[in-house]
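Please look at how the helices pack and how the nonpolar residues gather in the model shown here.

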Amino acid sequence: MCYDAVIFDNDGVLTKPTLLEVQREAVRRAFDEFDVEPTTETVDGVINGGLTRLRRICAVHDVPVDDFWSHHETHAAATQRACLEDGTKPLYDDVTALDDIDHPLAVVSNNQHATIEHILDVFDIGDRFEVAYGRDPTVEGARVKKPDPHYIERAMGELGVDSALYVGDSNVDVVAADRAGIDSAFIRRPHRDGYRLAAEPTYELDSLDELLAVC
């Protein structure tokens, strides 16, 4: 199959996933701005729940959702930057395979845009990608994250392409690609051992090295 571009998710594809405790710390710091001590259940609800649950949690604690989310995004970017710099969120070794892909490349991630910028800077790989998007640090930015195809379609528009392959490591990646009307490649990293796909990707890979044959 010939594609006009290849678009990559980040966490679990280019870099190893952010540790759960790091994500929790960002949530706790955001609540601390409002003098709230959340339970672990509340913290995990912010991490794993959608906007409806986030609004419900903020209402229970009498915290303005927009202000809370802005603080959360700031703290999440800061905690992950520390992980990038201390080596606890490394780049996968097979990212070097991207050097041999003769297509325009882009990144579209559900992570904060600031975190994506930090990753490109820390690992000095910004010149490999023509476009890079993380979510905007607003409630609206969270609303249109994957599986919504918003950021994928935005990247394709900026690249000026009609067809693309989206490479991800989760169900939301496969669904987002399908909603954008493009093919998907699911990469089964070690942390996805036994992971059940709810949607069928176009390809299933064990390594980014296998992209050369696909593209």
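In α4, the residues Ala76, Ala77, Gln80, Arg81, Leu84 and Glu85 meet Ala114, Thr115, His118, Ile119, Asp121 and Val122 of α5, where contact means heavy atoms within 4.5 Å and helices are DSSP runs of H or I with at least four residues, strands being runs of E with at least two. The residues of this contact divide into six nonpolar, three polar and three charged. The model is predicted, so that local features need pLDDT of at least 70 and side-chain atom pairs count only at pLDDT 80 or more, whereas totals for chains, interfaces and linings use all residues. Residues are numbered from 1 along each chain as its sequence is written, and side-chain values use heavy atoms, with hydrogens and water left out.

Helix α4 (residues 65-86) and α5 pack at an angle of about 20°, with their axes 9 Å apart. That makes α4 roughly parallel to α5, a term for angles under 35 degrees.

The largest nonpolar core, a set of buried residues (under 20% relative accessible area, 1.4 Å probe, protein chains only) joined through side-chain atoms within 4.5 Å, has 27 residues, of which Phe8, Leu14, Leu98, Phe129, Val167, Leu208 and Leu211 touch the most other members. Among the elements that give two or more residues to this core are β1 (6-8), β2 (105-112) and α5 (113-122), and α5 gives the most, with three residues. Leu98 touches Phe8, Leu14, Leu105, Phe129 and Leu208, not counting residues up to four places away in sequence. A second, separate core of 19 residues includes Val108, Val144, Tyr166 and Ala176.

Terms used
Buried means under 20% relative accessible area, exposed over 50%, partly exposed in between (1.4 Å probe, protein chains only). Axes are lines fitted to C-alpha atoms, for helices over the stretch in contact, and angles run from 0 to 180 degrees between N-to-C directions. Angles under 35 degrees count as roughly parallel, over 145 as roughly antiparallel, 65 to 115 as roughly perpendicular and the rest as oblique. Ala, Val, Leu, Ile, Met, Phe, Trp, Tyr, Cys and Pro count as nonpolar, Asp, Glu, Lys and Arg as charged, and the others, Gly among them, as polar.
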